[in-house]
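Student: I'd like a close look at one part of this protein, namely its charged side chains and who they pair with. Could you walk me through that, and then through whatever surrounds it?

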Amino acid sequence: MKTGLWYLPRRGSGVMAAMLLLVAAHPALAQAQAEAAPPAAERRVAITFDDLPYVHASARGEAGGARVAADANRAIVAALKRQRVPATGFVTEQHVRALGDAGPALLREWNQGLLELGNHGARHADSNGLDIDGIGREVIDGEATIRPMVEAAGRKLRFFRFPYNHVGDTVEKRQAAEALLARHGYRLAAATIDTSDYVFDQAYERALKGADDWMRRRIEEAYLAHSRTQIAYYATLDRTVLGYEPPAILLLHLNRLNAATMDRLLRLIRQQDYRFVSLDEAQSDPAYRESPRIATKYGPMWGYRWAKERQVKVDGSKEQEPPEWVARYAEGK
């Protein structure tokens with residue numbers, strides 16, 4: 001997802017050179033490269049989902065919302081189990097409560113086997129608008145349902161992901177927030193691949209509402225094609241910045257689009273020679289030893305954060321946006 005930071009602009013109708021040379025090495029870069037980076041053929045990826053138990057507004061108090069949420073969860077969990085894929089689901093407490101008794105029930109399957117629950121905050125609040133006390137309340141209140149559930153299963157809450165991937169709009173806030181997370185036993189969850197699935201899902205929900213099966217199928221195919229492109233783009237970005245490919249971390253959302261396409265998406269990823277790993281295994285790579293020491297009000301993937309930290313200039317205009325027709329359809333145009 002492009003944010004306006006750290007990109008070289010277009011000149012006229014042409015695109016400037018894709019990547020520029022490293023202009024100032026970061027000490028951690030040399031260390032990470034020296035520490036047994038996996039061979040190029042061994043590509044690894046962790047799958048993560050935000051906004052459990054269900055992201056879309058139709059689940060919040062509307063007729064049939066709990067059923068829709070249950071169907072989406074069932075389809076995604078079934079696909080993950082069929083293909084033996086580990087995954088972490090980040091829970092937003094207000095989404096749990098919006099579904100009533102069904103909310104906690106939908107999380108139970110995410111708390112066993114290869115699946116794991118993480119904390120996504122209480123109200124999906126943007127940390128840019130919070131002070132550190134407000135962030136603390138988001139973290140603690142976000143545990144209301146999941147901490148008792150996780151501990152009853154003999155597990156631990158290990159990861160927190162900030163809504164909108166906003167991890168601190170000032171250096172002071174970023175440092176304070178990470179210290180707060182550490183005190184509560186969390187690691188900050190990284191994200192390195194963005195498919196803009198939320199844009200496609202808005203269009204998909206419109207197609208479902210209109211019972212437009214042709215458009216629904218068209219959106220599914222466009223989403224899978226865009227995902228393939230984004231996976232390749234971010235692999236190249238990470239390689240350029242770090243000198244190797246660390247385990248990738250795919251950021252998805254719990255929605256009906258992913259429910260309909262999950263089997264195909266996982267097969268697509270396998271076709272790119274990725275092996276699925278847990279988020280914990282992915283973030284055991286040296287690249288994730290420390291989060292990037294930069295501040296931004298935006299939520300770019302970590303490849304861009306690493307680039308800024310290491311002073312590697314990259315041409316973000318090479319990253320493709322979702323097709324314009326998808327965005328127009330999503331907006332009702």
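Tutor: Here is a tour that begins with the salt bridges and moves on to the helix packing and some backbone oddities. Keep in mind that this is a predicted model.

Let's start with the overall tally: searching the whole structure turns up 30 salt bridges. One group deserves a slow look, because it is a network: salt bridges link Glu42, Arg44, Arg275, Glu281 and Asp285. Take Arg275 and Glu42, whose side chains pair at 3.6 Å, N to O. Arg275 belongs to strand 9 (residues 274–276), while Glu42 lies in the loop between helix 1 (27–34) and strand 2 (43–52), so this salt bridge ties together distant parts of the chain, 233 residues apart. How buried or exposed are the two partners? Arg275 is partly exposed at 40% relative accessibility, and Glu42 is partly exposed too, at 34%.

Another pair in the network is Arg44 with Glu281, a salt bridge of 4.0 Å, N to O. Here again distant parts of the chain are linked: Arg44 sits in strand 2 and Glu281 in helix 11 (residues 279–282), with their positions 237 residues apart in sequence. The burial is uneven for this pair. Arg44 has a relative accessible area of 14%, which is under the 20% cut-off, so Arg44 is buried. Glu281, with 29% relative accessibility, counts as partly exposed.

For a local pairing, go to helix 7 (residues 171–183). Glu178 and Arg174 form a salt bridge there at 3.3 Å, N to O. They are 4 residues apart in the helix, which means about one helical turn separates them. Arg174 is buried, at 6% relative accessibility, whereas Glu178 is partly exposed, at 24%.

Two buried glutamates come next. Glu93 is in helix 3 (residues 93–98), and its relative accessible area is 4%, so it counts as buried. Its side chain makes a polar contact of 3.0 Å with the side chain of Arg97. What else does Glu93 touch, leaving aside neighbours within four places in sequence? Its contacts are Gly121, Ala122, Asp141, Gly142, Ala144 and Thr145.

The other one is Glu116, in strand 4 (residues 115–119). At 11% relative accessibility, Glu116 is buried. Its side chain reaches that of Arg158 in a polar contact of 2.8 Å. Outside the four places either side in sequence, Glu116 is in contact with residues including Ala87, Thr88, Gly89, Trp110 and Arg158.

Now for the helices. Helix 9 (residues 213–242) and helix 10 (residues 256–271) have axes that come within 10 Å and cross at roughly 40°. That angle makes the two helices oblique to each other, and their crossing is right-handed. On the helix 9 side the contact includes Glu220, Tyr223, Leu224, Arg228 and Ile231; among the helix 10 partners are Leu257, Asn258, Arg264, Leu265 and Leu268.

Helix 9 also packs against helix 12 (residues 302–310), with axes coming within 9 Å and crossing at roughly 20°. The pair is therefore roughly parallel, and this crossing is left-handed. Tyr233, Tyr234, Leu237, Asp238, Val241 and Leu242 are the helix 9 residues here, and they meet Gly303, Tyr304, Trp306, Ala307 and Arg310 of helix 12.

Last stop, the backbone oddities. Why bother with them? Because most residues other than glycine have a negative phi, and most peptide bonds are trans. Against that background, Leu52 and Pro53 are joined by a cis peptide bond, with omega about 5°. Pro53 falls in the loop between strand 2 and helix 2 (65–82). Then there's Tyr164, which has a positive phi of about 65° though it isn't a glycine. Tyr164 lies in the loop between strand 5 (159–160) and helix 7, and it is partly exposed at 45% relative accessibility. Ala211 has a positive phi as well, about 55°, and isn't a glycine either. Its place is the loop between helix 8 (197–209) and helix 9. With a relative accessible area of 61%, Ala211 is exposed.

Notes
Residues numbered from 1 in each chain as written. Predicted model: local features only at pLDDT ≥ 70, side-chain atom pairs only at ≥ 80, totals over all residues. Heavy atoms only, no water. Buried < 20%, exposed > 50% of the residue type's maximum accessible area, 1.4 Å probe, protein only. Polar contact = N/O pair within 3.5 Å; in protein donor to acceptor, adjacent residues only side chain to side chain. Contact = heavy atoms within 4.5 Å. Axes fitted to C-alpha atoms, helices over the stretch in contact; angles between N-to-C directions. Parallel < 35°, antiparallel > 145°, perpendicular 65-115°, else oblique. Left-handed = near helix turned anticlockwise from the far one by under 90°.
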